[in-house]
Structure formats: C-alpha cells, structure tokens
Amino acid sequence: MNRRDFIKMTGALAGAGMLGSLPLSALAKGATRFKFDSYISDTAGPSRLDSWFLSELEKRAAGDVNIRRFWSASLNRVGEHLAAVRDNTSEMSLISPGYYQSELPVTRGLEWYYRLERADALQQVCRDVYQEFAPLREEWERRHRSKVMYWTNWNYAPLITRKPIRSLEDLKGMRIRGYGVSTDVIEGLGATAVPVAAPEVYTSLERGVLDGVYGFDYITAVSYKLHEIAPYMTDIGDGPHAPSATIMNLNFWNSMPENLQRICDEIVEEIYAGQYRTIMDAANREYVKRALDEGAKFHIWTDEQKQAARDIVQPNQTNKWIDRVAKPARIDGEAMQGLIEAAINKHGSSGNLARPEEIALGV
C-alpha cells in the first residue's frame, strides 16, 4: 500500500469510528513484519548497533516494515537463538559464537586475542573472511539457513581487578573469571581461570572468590558496576573482544521485497563505513565518564609488556583452534587463518576506535 492510499484508508476508518479499535501496524496491511530476538538487553554494547539498524530500517522503509523487538531473552532463552533463526521462529537475532561452540566451528576461527588492535578493524576483517572463505559462508547459509547481515563485536574487554596489575608477574596465582577463548589468555599469562556466570561475578568479587575478571566487555562491566569492587581496569594489549554476527533467516531474507533488501544493504554499508565506530565511541565515552565518576582507575601496559604477553598467547591460541577444532571438523584451518592474516594486514592500520583506557587517560 502506498502512502496516499494509507492516508485515505486511515481517514475513512476514523470517520467510521473504527481507527481506535485497530493497532497501527494492522493498518499497514502490506507491511513486512518480523521479529528481532536478542539474548542481551537493549543497553548492551552490540544492542546499540542493532537498535540503530532496526530504527533506520523502519524510518527509511516509511511504513513498509514492522519490527517487533525482544530483548534480554524475552522470547528465546540464551543459547536458543541460532536454532530459532535457522527454523524461522525468530527472523533476526544477534549471535555470539561462544554460546554455540559445536554448531559454529568455522566461525570460532575468528575468535582470538593479540592479533589486532582495534574493534572497528575486527569488523572489517570478519566481513572480508566471510566473503572469501566459502566454508564460513556455508556454515551460516547452508548449515544454519541464515544470512549474516553484518558482523559486530563486543568492543574491548579490559582486565578488571581488585588490585593494580602493573606487570605479568602481578598476575601469577590470581583467580580471574574467564569466558571462552579468554581462558587461554588468563592461563597463558599465569593466572587461574575460574568459570563464573555473568550474574554471579559481582558477588564473587565481593566475597573474594575472584581476584578479577577478563573477557567481560567494558560496557557490560560498568553496567554491572564491577568497578565498585574491582576498580582497576588495565589494557594488556589484547585487542578487540568477541566477534559476533547479526543474522537473518535466509528464506525470510529471500522473501523480502527488493526495496527492503536494498535499504538493508544500504544501512549495512553505512555500518561498515563508520557507523559502528561512531556508535561504540559514544558509548565508550559515556561509560568511561561514569566509571571515573564512580572511582575506577585506568592503566595501560607498556609496549614491551604487551609484546611479552602477545608472545605467550600467539600463535599458540590460533594453533589450538587449528589442531583441536578445525582438523577434527575437516576445516582447512591454515587457509582460513591465512585469509585472516591478509585481512589484518589490509585493515589493521585503518582501525581507530579508542579503548576505554585511552579515553580515560587522554592518550
């Protein structure tokens, strides 16, 4: 229905006294409807990008699309979202591969630390590898019947501790909460990785069960007020945290009108052209101010300390994925990592999303 006919119908219904009994979405009879379903809250870091995409799609479609948003696992539970999109019970969702280790072995080849410096560059790297490495596309498009709309990530994950960590030696023997591949970093640097569910981290710090937290993205950490107990936030040179993907059911995508597909593609191009960086930079600055006001203390390791940590973690972490995940799954891990390295060389120097520590210290 075009805009003129919509206005005419609205006027007719109002004159007949029927407008108040119908939801506005029902009036847009020809609108494409779908559900966006996320396991995280609408205030979490990646949600800010997803919210912008959805709002821009609605605005630019001018009534041709109707989107229902379900945040904080209000429609599907954590760990169910990949299957929900695959089976088209939810048309669109954010997927963090750490929750789907057996279902996404190829995608897990994108999870590593100490190979790249900037989160906005990681987004570009993931995009290139998705386009160039057929097994990665097939994992999403054939196995899970999903289209990756755009790659995203969880920004940065400082080392958050109860006491200052000025060197590798200070980490020895500490009990640090870890998540996914972040445990490789913790254990490689001499600390003990302790699995603790996110909602229990604050009390675990408070009771002394944990000495610190790693693999917990910065915005979420401040939202959880972890800095009240563990005020020291340290950049240990690890780079960006947790690549993720926002996906749509492939059959649903193929059924969408061409004008909506075109609008989606335009918005995605803007995301990769800098909108992700703009959104996350604003969020980081907002949360740095909050953290500083509430007593957080920021520190950055020297280049020499960062390099020492990098030498411990890489290439051991990448080789671990090749040997333990890729080879058993018959994935050409060396070929994928070669494409990743080429993409890092291409995009690494163009990333400039500031880390929270840099913002706080004015670096």
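**Exercise 1. Work out whether Thr318 is buried or exposed, and what is around it.**

Step 1. Start with the relative accessible area of Thr318, which is 9%. Buried means under 20%, exposed means over 50%, and partly exposed lies in between, with a 1.4 Å probe and protein chains only. Thr318 is therefore buried.

Step 2. Now place the residue: Thr318 belongs to helix H13, residues 316-326. Helices (H or I, at least four residues) and strands (E, at least two) are DSSP runs, numbered from the N terminus.

Step 3. Look for partners, where contact means heavy atoms within 4.5 Å. Setting aside neighbours within four places in sequence, Thr318 touches Trp112, Arg115 and Gln337.

Before you go on, keep in mind that this is a predicted model, in which local features need pLDDT of at least 70, side-chain atom pairs count only at pLDDT 80 or more, and totals for chains, interfaces and linings use all residues. Residues are numbered from 1 along each chain as its sequence is written, and side-chain values use heavy atoms, with hydrogens and water left out.

**Exercise 2. Find the peptide bond between Gln314 and Pro315 and describe it.**

Step 1. Go to the loop between helix H12 (303-313) and H13, where Pro315 sits.

Step 2. Read omega for the bond joining Gln314 and Pro315: the angle is about 10°, and the bond is cis.

**Exercise 3. Explain how the buried residues of helix H6 are arranged.**

Step 1. List them: in H6 (residues 134-143), Leu136, Glu139 and Trp140 are buried.

Step 2. Check their directions. These residues lie on the same side of H6 because they cover an arc of only 80° around the axis; the arc is that of the directions from the helix axis to the C-beta atoms. A general rule helps here: an α-helix has 3.6 residues a turn, so residues three or four places apart point the same way.

Step 3. See what this side meets. The buried residues of H6 pack against two helices, H4 (81-86) and H5 (119-132), and against strands E3 (92-95), E4 (146-153) and E10 (243-249).

Step 4. Follow the chain onward: just after H6, Arg145 has a positive phi of about 50°.

**Exercise 4. Compare the settings of Ala62 and Ser72.**

Step 1. Take phi for each. Ala62 has a positive value near 50°, and Ser72 has a positive value near 55°; neither Ala62 nor Ser72 is a glycine.

Step 2. Locate them. Ala62 is in the loop between helix H3 (45-61) and strand E2 (65-70), while Ser72 is in the loop between E2 and H4.

Step 3. Judge their exposure. Ala62 is exposed, at 54% relative accessible area, whereas Ser72 is partly exposed, at 45%.

**Exercise 5. Which residues does Pro231 contact, beyond its neighbours within four places in sequence?**

Step 1. Find Pro231 in the loop between helix H9 (218-223) and strand E9 (232-235). With 16% relative accessibility, Pro231 is buried.

Step 2. Name the partners: Thr161, Arg162, Gly295, Ala296 and Lys297.

Step 3. Pick out Ala296. Although 65 residues separate Pro231 and Ala296 in sequence, their C-alpha atoms are 4.5 Å apart.

**Exercise 6. Describe the protein as a whole.**

Step 1. Count the elements: the protein has 15 helices and eleven strands.

Step 2. Turn to burial: 53% of the 363 residues count as buried.

Step 3. Consider contacts with a separation of 6 or more: 78% of them link residues 24 or more positions apart.
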